[in-house]
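Here is a set of short exercises for you to try with the viewer open. Read each task, have a go yourself, and then follow the worked solution step by step.

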Amino acid sequence: MGILGLSKLIADIAPHAVKEMEIKNYFGRKIAIDASMSLYQFLIAVRSEGAQLVSVDGETTSHLMGTFYRTIRLVENGIKPVYVFDGKPPDMKAHQLNKRAERREEAEKELQKATEAGDTASVDKFNRRLVKVTKQHSEEAKQLLKLMGVPVVDAPCEAEAQCAALVKSGKVFAAATEDMDALTFGAPVLLRHLTFSEARKMPVQEFHLNNVLQGLELKQNEFIDLCILLGCDYCGSIRGVGPKRAIDLIRQHRTLDEVLKNIDTEKYQPPTDWDYERARSLFMEPEVADPKDIELKWTDPDEEGLVKFLCGDRQFNEERVRNGAKKLIKARTGTTQARLDGFFTLTTTPNSKRKAEEDKKNSAKKKTKTGGGGRGRKPK
């Protein structure tokens with residue numbers, strides 16, 4: 001779920017914090033990608049276009065197709081992707097996971113009704129609601145990425161938190177995910193739509209946390225409280241408080257503790273036993289692997305390993321797989337040149353200083369022409 005309504009709130013109040021970019025702008029950048037989110041997108045996209053791709057045993061392979069071809073496109077654009085996989089979800093996320101399970105049960109019932117009624121539009125809608133990234137999907141994707149020579153990171157808990165930690169440590173440039181809570185975890189740069197921007201012909205959205213905080217007129221700890229008030233994965237939110245009122249309350253009172261002391265809790269009812277303090281702690285000090293202990297290494301793909309893994313039972317076309325491996329090798333040799341901004345820092349002389357230097361030079365030239373034995377005008 002991420003943070004409810006946060007992207008629209010930022011667009012409305014701090015539009016300068018969001019840039020629209022093309023994928024080619026990230027040439028030479030290392031980017032941490034929320035793997036589960038990407039797999040979900042691939043499963044949804046293929047299901048929307050028709051039947052899922054399957055192996056001879058009837059097992060879904062859409063996630064592998066998406067991971068293989070989209071990763072190749074990223075690498076061809078000079079990007080060095082790192083896929084970060086979720087670990088065990090925090091206990092506080094149980095209520096959200098239970099809600100998702102309930103929604104899937106409801107979707108299954110509605111799907112059966114739509115199927116019986118021959119309502120193809122509703123069948124498609126409820127089918128998409130049933131999409132879920134399983135442990136098998138993740139393990140297969142990890143195996144594929146390793147064969148492609150792309151580094152994989154197993155987060156001990158939330159992938160977004162681990163992505164944020166990698167960005168903060170300087171190991172990568174940005175975190176790529178659709179979940180806005182990467183900003184709540186403190187990622188300095190967040191990229192949305194990266195893995196499907198070209199396919200859907202939409203720009204990559206680049207969020208800068210410093211600009212978000214500046215535009216919203218909040219400090220990071222206040223921003224975290226705002227995100228909890230908007231609605232996050234770890235606890236409920238106050239009934240009747242929408243995005244506009246949420247930011248007004250945080251700007252006025254600065255903490256959730258003070259908000260609760262100053263609002264009419266009968267009109268705006270907090271959830272029973274609202275554990276916002278623990279949610280705040282999860283955002284401020286998430287469980288992550290120390291980036292210093294994570295080695296990110298990109299290698300040449302294992303072409304034969306890829307053919308063995310994807311072809312045969314998984315029914316990928318061998319020629320396309322081999323072509324894909326060759327594209328990866330070609331792209332790797334073509335992106336050894338680092339971004340120029342990693343080597344050079346462009347400096348500009350302030351206009352006033354530059355003008356003073358030019359005036360000084362001009363004055364010196366005049367003295368050379370009129371002084372030192374030259375025939376200057378005699379004083380009257």
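**Exercise 1: The whole chain**

What percentage of the 380 residues of the protein chain count as buried?

Solution. Keep in mind from the start that this is a predicted model.
- Step 1. A residue counts as buried when its relative accessible area is under 20%. By that cut-off, 43% of the 380 residues are buried.
- Step 2. Now turn to the outside: the chain exposes about 21,200 Å², and carbon and sulfur atoms supply 48% of that area.
- Step 3. Next, count the elements. The chain has 16 helices and seven strands.
- Step 4. Finally, take the contacts between residues at least 6 apart in sequence: 71% of them join residues at least 24 apart.

**Exercise 2: The order of the strands**

Find the order of the strands in the open sheet, and say which strands are at its edges.

Solution.
- Step 1. The seven strands of the open sheet follow the order 1-7-6-5-2-3-4, and the pairing is mixed.
- Step 2. Strand 1 (18-21) and strand 4 are the edge strands, since each pairs on one side only.
- Step 3. Averaged over the sheet and ignoring direction, neighbouring strands are turned by 25° against each other.
- Step 4. Check the pairing at one end. Strand 1 and strand 7 run antiparallel and are joined by four bridges. Here Lys19 stands opposite Glu206 of strand 7.

**Exercise 3: Strand 6 and its neighbours**

Describe how strand 6 pairs on its two sides, then look at what covers its faces.

Solution.
- Step 1. With strand 5, strand 6 pairs in the parallel sense over two bridges. Ala175 has Leu190 of strand 6 as its bridge partner.
- Step 2. With strand 7 (residues 204-208), the pairing is antiparallel and has four bridges. Val189 stands opposite His208 there.
- Step 3. Look at the faces. Val189 and Leu191 lie on one side, Leu190 and Arg192 on the other, and all of them are buried, so both faces are covered.
- Step 4. Move on to the loop between strand 6 and strand 7, where you will find His193. With a relative accessible area of 11%, His193 is buried, because this value is under the 20% cut-off.

**Exercise 4: An enclosed helix**

Why is helix 7 (residues 159-168) described as largely enclosed by the rest of the structure?

Solution.
- Step 1. Nine of its 10 residues are buried, so helix 7 is largely enclosed.
- Step 2. Among these buried residues are Ala159, Glu160, Gln162, Cys163 and Leu166.
- Step 3. Ask what they pack against. The partners are strand 2 (30-34), strand 3 (80-85), strand 4 (152-154), strand 5 (174-176), helix 8 (181-184) and strand 6 (189-192).
- Step 4. Compare directions: the direction of helix 7 makes about 170° with that of strand 2. Helix 3 (residues 62-76) lies across strand 2 and strand 3, and runs at about 140° to strand 3.
- Step 5. After helix 7 comes Gly170, with a positive phi near 85°.

**Exercise 5: Two helices that cross**

Where do helix 14 and helix 15 meet, and which classes of residue make the contact?

Solution.
- Step 1. The axes of helix 14 (residues 303-310) and helix 15 (residues 318-334) come within 9 Å and cross at roughly 145°. The crossing is right-handed.
- Step 2. Helix 14 contributes Glu303, Glu304, Leu306, Val307 and Leu310, while helix 15 contributes Glu318, Val321, Arg322, Ala325 and Lys326.
- Step 3. Sorted by class, the contact has five nonpolar residues, five charged residues and no polar ones.

**Exercise 6: Positive phi and loops**

Is Asp273 buried or exposed, and what is its phi?

Solution.
- Step 1. Start with a rule: most residues other than glycine have a negative phi.
- Step 2. Asp273 is not a glycine, yet its phi is positive, about 50°. His193 also has a positive phi, near 75°.
- Step 3. Asp273 sits in the loop between helix 12 (256-262) and helix 13 (276-284). Its relative accessibility is 72%, so Asp273 counts as exposed, the cut-off being over 50%.
- Step 4. For contrast, try Gly242, in the loop between helix 10 (220-230) and helix 11 (243-253). At 29% relative accessibility, Gly242 is partly exposed.

Key. Residues numbered from 1 in each chain as written. Predicted model: local features only at pLDDT ≥ 70, side-chain atom pairs only at ≥ 80, totals over all residues. Heavy atoms only, no water. Buried < 20%, exposed > 50% of the residue type's maximum accessible area, 1.4 Å probe, protein only. Contact = heavy atoms within 4.5 Å. Areas by Shrake-Rupley, 256 points an atom, 1.4 Å probe, with all protein chains shown as cover. Axes fitted to C-alpha atoms, helices over the stretch in contact; angles between N-to-C directions. Left-handed = near helix turned anticlockwise from the far one by under 90°. Nonpolar A, V, L, I, M, F, W, Y, C, P; charged D, E, K, R; others polar. Pairing = 2+ DSSP bridges.
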